[in-house]
Amino acid sequence: DHIPSGVLALTEDGRISDVNRWLSERLGRDVRSHTLETAFPALGASRLGELRELIRAALESRSVQALHRVDVELGGFEGRASLHAVPLARPLGEVHSLLVIEDLEAVRRIEDRLLQSEKLVTAGQLAAGIAHEIGTPLTIVRARAELSIARMGEGNALAGDQRVIVEQIDHVTRLISQLLDYVRSTPRREAA
């Protein structure tokens, strides 16, 4: 009852003898003494056939058999799970095997967050590369504009146009700097 996975206790003929709390809460109904077909009609014939074969193979081989990372809908549980058929070494009352439903949704969410983090790292690297490629020509253009202002003198009417170029380049450079500050990883501070 205290594990965060579903457990069905199965009789030799495949009837459900008991259900743990995790799965019982998700089902919202009592499936004891039901067959897998009547307990989980939404599974469909194909998935039920796989489960039956999994349980049969486990009992025959006397070893745990599993279906990994399958999409299932079992009453109130819908998501990705690994299904494990566990034969008991000695029957416990009428129970001959267990069907364990290992919920992989939390793992999937962690994988999704990791993938998103990897995308952000890649975007940061791309942004840094683009910033460098844009920043270098802008620096050259700014230097040329300042050189033109110096050669023309401050009083020249065209010097004002050159100052506008310098101001706009400075604006773009600040934006690039802000972008780079955002995408750079910041070292974590150690807790004292």
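Here are some questions and answers about this predicted model.

Q: What pattern do the helices and strands of the protein chain follow along the sequence?
A: Start with the tally: the protein chain has five helices and five strands. Read along the sequence, they come in the order β-β-α-α-α-β-β-β-α-α.

Q: What radius of gyration does the protein chain have, set against a compact globule of 192 residues?
A: The box around the C-alpha atoms, taken along the principal axes, is roughly 100 × 45 × 30 Å. A compact globule of 192 residues would come in near 16 Å. The protein chain, though, has a radius of gyration of 33 Å.

Q: What share of the 192 residues is buried?
A: To count here, a residue needs a relative accessible area under 20%. The accessible surface of the protein chain is about 12800 Å², with 55% of that belonging to carbon and sulfur atoms. The buried share of the 192 residues is 31%.

Q: Which element gives the most residues to the largest nonpolar core?
A: That core holds 25 residues, and the members touching the most others are Leu8, Ile16, Leu36, Phe40 and Leu83. Elements giving two or more residues to the core include β1 (6–11), β2 (16–19), α3 (44–61) and β5 (95–103). The top contributor, with five residues, is α3.

Q: Which residues does Leu83 contact, leaving aside its neighbours within four places in sequence?
A: Leu83 is one of the core members that touch the most others. Once the neighbours within four places are set aside, its contacts are Leu51, Leu54, Gln65, Ala66, Leu67, Val70, Val72, Val100 and Ile101.

Q: How many residues make up the other core, the one with Ala131 and Leu138 among its members?
A: This core lies apart from the 25-residue one. Its members include Ala131, Leu138, Ile169 and Ile176. Its size is five residues.

Q: Is Leu120 buried or exposed?
A: Leu120 sits in helix α4, which covers residues 105–152. The cut-off for exposed is over 50% relative accessible area. Leu120 has 56%, so it is exposed.

Q: How far apart in space are Pro91 and Leu138, C-alpha to C-alpha?
A: Pro91 is in strand β4, and at 47% relative accessible area it is partly exposed. Leu138 belongs to the five-residue core. The two are 47 residues apart in sequence, and their C-alpha to C-alpha distance is 78 Å.

Q: What phi does Ser33 have?
A: Ser33 is in the loop between α1 and α2, and its 53% relative accessibility makes it exposed. Most residues other than glycine have a negative phi. Ser33 goes the other way, with a positive phi near 75 degrees.

Q: Where does Arg62, with its positive phi, lie?
A: Arg62 has a phi near 60 degrees, a positive value in a residue other than glycine. At 46% relative accessibility, Arg62 counts as partly exposed. Its place is the loop between α3 and β3.

Q: How far apart are the centres of the positive and negative side chains?
A: The protein chain carries 24 positive and 28 negative side chains. The centres of these two sets are separated by 4 Å.

Note on methods. Residues numbered from 1 in each chain as written. Predicted model: local features only at pLDDT ≥ 70, side-chain atom pairs only at ≥ 80, totals over all residues. Heavy atoms only, no water. Core = buried A, V, L, I, M, F, W, Y, C linked by side-chain atoms within 4.5 Å. Buried < 20%, exposed > 50% of the residue type's maximum accessible area, 1.4 Å probe, protein only. Helix = DSSP H or I, 4+ residues; strand = E, 2+ residues; numbered from the N terminus. Contact = heavy atoms within 4.5 Å. Rg over C-alpha atoms; globule rule 2.2 N^0.38 Å. Areas by Shrake-Rupley, 256 points an atom, 1.4 Å probe, with all protein chains shown as cover. Lys, Arg positive; Asp, Glu negative; His and termini not counted. Charge placed at Lys NZ, Arg CZ, Asp CG, Glu CD.
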